[in-house]
Amino acid sequence: MVACPVLILTQSSILALLAIAVDRYLRVKIPLRYKTVVTPRRAAVAIAGCWVLSFVVGLTPMFGWNNLHAVERAWAANGSVGEPVIKCEFEKVISMEYMVYFNFFVWVLPPLLLMVLIYLEVFYLIRKQLNRKPSAPPGDPQRYYGKELKIAKSLALILFLFALSWLPLHIFNCITLFCPSCHKPTILIYIAIFLTHGNSAMNPIVYAFRIQKFRVTFLKIWNNHFRCQPAPAVDEDPPEERPDD
C-alpha cells in the first residue's frame, strides 16, 4: 500500500502525456474535423481509461507480483520460525521482475518511444504546412500552424524532461535485476530518486510558462480555491483559426 501509489501516479503521468500527444497529432492531422472527432465525451472516456489502466498497472504488486515469496524462502532458509519480518522499503517489497519486465519494458518505454514518433510526425506535418505559400489571408494557416508548433514544442519539452527524470531510476532497476553483484553508488541512486520527485515540481512550471491556457487555468484555480476570489475575466479561448485545405 505504501509502494503502489507512486507506481499509479507515474503511470497516469505517462498515459496522460501519451493522450496529449495523440490529441496534438489529431489537431494537426485533421484540423477541420478535430472538434467532431475529439468530443468532450470521448476525451472524458480517454481520461478515465488512463486512470483505470494506471490503477491496474500500479496495483499489480498488491495482487501477488511482489517479493513476499522470496522473503519467506529466505526466512525459512535461515532456520527462522513464525512470520517473516519484512522491511518496508520499495526494493524489499516490490519485485524487480515486475519493475523491469512489466512496468518498464511494457508500460514506460513503449509509450515514451511512441510519443517521440508522434511528436516527430507532428513537427513534420507542421513544417510541411508552414512551408506552403499561404493562398489567402482569411484562413490564416500560418498563424494556426505557428500556434500548434509552439504548443508542440512545449509539450515535447515536457516529454523530454519526463524521460530525463525517470529513465535513470529505471536503468538502475535494470542493473539491480540483471547484475545483482554490480555496485550502485548510493549518491547516484539518491540523485535518480530526486530527479523523479523534481519532475513533478517542474511540470506545472513548464506548463504555466509555456502554454497560456494552462497558465490561465492555474490562476483561476489559485484565485477561486486558495485566495477565495473570483479570477479576473480573461479571454482564455479566443476564436480558433482554421486552416484552409
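**Cysteines, a kinked helix and a core**

Reader: How do you know that the sulfur of Cys-4 is too far from the closest cysteine sulfur for a bond?

Author: This is a predicted model, and in it the closest cysteine sulfur to that of Cys-4 belongs to Cys-88, 11 Å away. A disulfide needs the two sulfur atoms within 2.5 Å, so that pair is too far for a bond. Seen from the other end, Cys-88 is in no disulfide either, its nearest cysteine sulfur being that of Cys-4.

Reader: What makes Cys-4 buried and Cys-88 exposed?

Author: Relative accessibility settles both. Cys-4 has 3%, and buried means under 20%, so Cys-4 counts as buried. Cys-88 comes out at 59%; the bar for exposed is over 50%, so Cys-88 is exposed.

Reader: Which cysteines does a disulfide join, then, and what makes the pair count?

Author: Cys-179 and Cys-182, with 1.6 Å from S to S. That value is within 2.5 Å, so the pair passes. By this rule the count comes to one disulfide. The link of Cys-179 and Cys-182 is right-handed, with 70° about the S-S bond.

Reader: Why are Cys-179 and Cys-182 called partly exposed?

Author: Partly exposed is what falls between the 20% and 50% limits. Cys-179 has 22% relative accessibility, so it counts as partly exposed; Cys-182, at 33%, gets that label too.

Reader: On to helix 9: how do you know that its end-to-end span agrees with what a helix should give?

Author: Helix 9 runs over residues 186–210, which is 25 residues, and at 1.5 Å a residue it should span 36 Å. Its end C-alpha atoms are 35 Å apart, so the two agree. There is a bend, though: a kink of about 30° lies at Ala-201, shortly before the proline Pro-204.

Reader: Which residues of helix 9 are buried, and what covers them?

Author: Among the buried ones are Ile-189, Ala-192, Thr-196, Asn-199 and Asn-203. The cover includes helix 1 (4–29), helix 8 (141–178) and helix 10 (212–226). In an α-helix, residues three or four places apart point the same way, because there are 3.6 residues a turn.

Reader: Why is Phe-209 called exposed, and Trp-222 partly exposed?

Author: Phe-209 lies in helix 9 and has a relative accessible area of 68%, which is why it is exposed. Its C-alpha is 9.3 Å from that of Ser-154, with the two positions 55 residues apart in sequence numbering. Trp-222, in helix 10, has 47%, so it is partly exposed.

Reader: What supplies the largest nonpolar core, and which residues have the most contacts inside it?

Author: The core has 43 residues, and Met-115, Ile-126 and Leu-155 have the most contacts inside it. Helix 1, helix 6, helix 7, helix 8 and helix 9 each supply at least two residues. The largest share, 15 residues, comes from helix 8. Leaving aside neighbours within four places in sequence, Leu-155 is in contact with Ile-20, Arg-24, Tyr-119, Tyr-207 and Ile-211.

Reader: Which stretches does UniProt annotate as "transmembrane region", and how much helix is there over residues 151–167?

Author: The unreviewed UniProt entry lists 6–22, 43–65, 104–126, 151–167 and 187–209. In the model, residues 151–167 are 100% helix with end C-alpha atoms 24 Å apart. Residues 104–126 come to 96% helix and 0% strand, with ends 31 Å apart.

Methods
Residues numbered from 1 in each chain as written. Predicted model: local features only at pLDDT ≥ 70, side-chain atom pairs only at ≥ 80, totals over all residues. Heavy atoms only, no water. UniProt positions renumbered as here; feature names shortened; annotations may be inferred. Helix = DSSP H or I, 4+ residues; strand = E, 2+ residues; numbered from the N terminus. Expected span 1.5 Å × (residues − 1). Bend = angle between axes of the 7 residues up to and from the residue. Buried < 20%, exposed > 50% of the residue type's maximum accessible area, 1.4 Å probe, protein only. Contact = heavy atoms within 4.5 Å. Core = buried A, V, L, I, M, F, W, Y, C linked by side-chain atoms within 4.5 Å.
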